[in-house]
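Work through the exercises below with the sequence and the coordinates at hand, and compare each attempt with the solution that follows.

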Amino acid sequence: MKKRQYFTQFDATKVPSPCFVVDRAAIEDNLKLLHRVGVESGAKVLGALKAFSCWSLADLNRKYLWGSCASGVNEAKLAREYYGGEVHTYSAAFKEADLIEVLKLSDHVVFNSMSQWQRFKSLCLAAKEKRPELKFGLRINPEHSEGDVPLYDPCAPKSRMGVPISEFDPTLLEGISGLHFHTLCEQDVPPLARTLAAVEQKFGRYLNDLEWVNFGGGHHITRENYQIAELVSLVREFSEKFDVQVYLEPGEAVAIRSGVLVAEVLDVFTSTVPQAILDTSATCHMPDTLEMPYRADIFGAGEAGETPYTYRLGGMTCLAGDVIGDYSFDRPLEVGQRLVFDDMAHYTMVKTTTFNGINLPAIALWDSRTDTLEVIREFGYDDFKMRLS
């Protein structure tokens with residue numbers, strides 16, 4: 001699959017700054033491919049709201065996906081209210097009051113530990129008497145690491161995510177109809193195949209007694225060069241071998257290359273090196289550049305020293321480390337100039353904060369097929385004020 005080009009014709013001056021802009025056409029292209037994978041493999045593909053929950057585009061999820069997965073009661077409410085299809089909810093731990101609501105909203109509820117399942121089993125089975133379609137699962141930890149960054153590796157040593165085989169008690173499985181695992185982060189088929197081998201080696205003797213197995217997220221299905229045919233075969237083989245319904249929970253794959261963050265240059269000066277301050281912020285608006293860390297691409301910019309004018313780009317907060325990175329440009333940067341950061345929809349929009357009282361970026365929907373643009377949300381003082389007291 002060749003890399004698709006989006007935002008090449010987008011006019012960044014037509015939106016307020018800073019602003020997240022999501023291309024409806026790009027989202028739909030991604031969802032069409034995910035739908036194809038589901039149809040050809042027999043898997044039910046769910047959109048992970050933790051990665052991308054722009055509910056103004058929920059109509060597209062309803063059209064192409066089988067439902068959504070949530071990480072708690074609020075995402076479950078959003079899924080049920082807007083997204084349609086099945087709602088699967090997993091949390092590292094549930095509060096009882098939240099779980100009571102989750103049981104009303106969800107089709108699958110997945111527990112992170114044997115202790116949580118035992119604590120809430122009677123509550124769950126009582127809910128199932130009223131809603132027989134309700135299903136319960138356990139997250140397992142195959143103790144097989146595929147991630148390169150420990151912060152994002154659910155199978156890192158001493159992980160709190162999921163039940164390892166040493167703690168897995170088959171005598172406590174009454175009421176459990178499926179297992180869930182998650183090992184991947186922005187990865188393709190070979191890491192998944194290795195994970196499945198680890199799951200089978202440790203938990204295989206229990207799989208034939210189940211109704212479903214959830215392969216979790218981290219599948220970069222919609223990126224270029226992803227092995228679609230191999231994924232389809234892998235899912236079909238696993239499903240047929242153990243007679244289970246397979247679920248996939250891609251999050252990033254729903255929104256890869258579908259959104260940008262428009263920012264504006266506020267100041268240009270030299271302090272040891274040429275610096276530019278933007279009206280966005282690494283810590284407030286793109287925290288993964290600090291946490292992962294990773295380098296955000298900017299349209300028309302290169303690596304430091306690649307083209308004549310190199311600047312250190314920083315945010316407008318007081319955090320000394322609020323630095324986006326060093327970038328080079330063909331021409332000197334000017335105050336008021338717009339910069340466009342690529343691939344900013346997934347895991348960026350959902351992580352923003354108002355640290356320092358910095359406004360959240362506006363949100364706009366654009367359709368590259370028709371060049372229609374709508375600013376659907378702008379934020380101000382009340383949004384900052386009302387999250388405090």
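**Exercise 1: the surroundings of Val 87**

Val 87 is buried, since its relative accessible area is 0%, where buried means under 20% relative accessible area with a 1.4 Å probe and protein chains only. The model is a predicted one, in which local features need pLDDT of at least 70, side-chain atom pairs count only at pLDDT 80 or more, and totals for chains, interfaces and linings use all residues. Residues are numbered from 1 along each chain as its sequence is written, and side-chain values use heavy atoms, with hydrogens and water left out.

Task: locate Val 87 in its strand and list the residues that it touches.

Solution. Begin with the strand: Val 87 belongs to S4, residues 86-90, a strand being a DSSP run of E with at least two residues, numbered from the N terminus. Next, take contacts as heavy atoms within 4.5 Å; leaving out residues up to four places away in sequence, Val 87 touches Ser 68, Ala 76, Ala 79, Arg 80, Leu 105, Ser 106, Asp 107 and His 108.

**Exercise 2: the barrel**

Task: find the order in which the 8 strands close into a barrel, and examine how S2 joins S9.

Solution. First, the order is S2-S3-S4-S5-S6-S7-S8-S9, with parallel pairing, where two strands pair if DSSP finds at least two bridges between them. From one strand to the next, the twist averages 25°, an angle between N-to-C directions of axes fitted to C-alpha atoms, on a scale from 0 to 180 degrees. Finally, S2 (residues 44-48) and S9 (residues 245-248) run parallel and are joined by 2 bridges, and Lys 44 stands opposite Tyr 247 in S9.

Note on methods. Helix = DSSP H or I, 4+ residues; strand = E, 2+ residues; numbered from the N terminus. Buried < 20%, exposed > 50% of the residue type's maximum accessible area, 1.4 Å probe, protein only.
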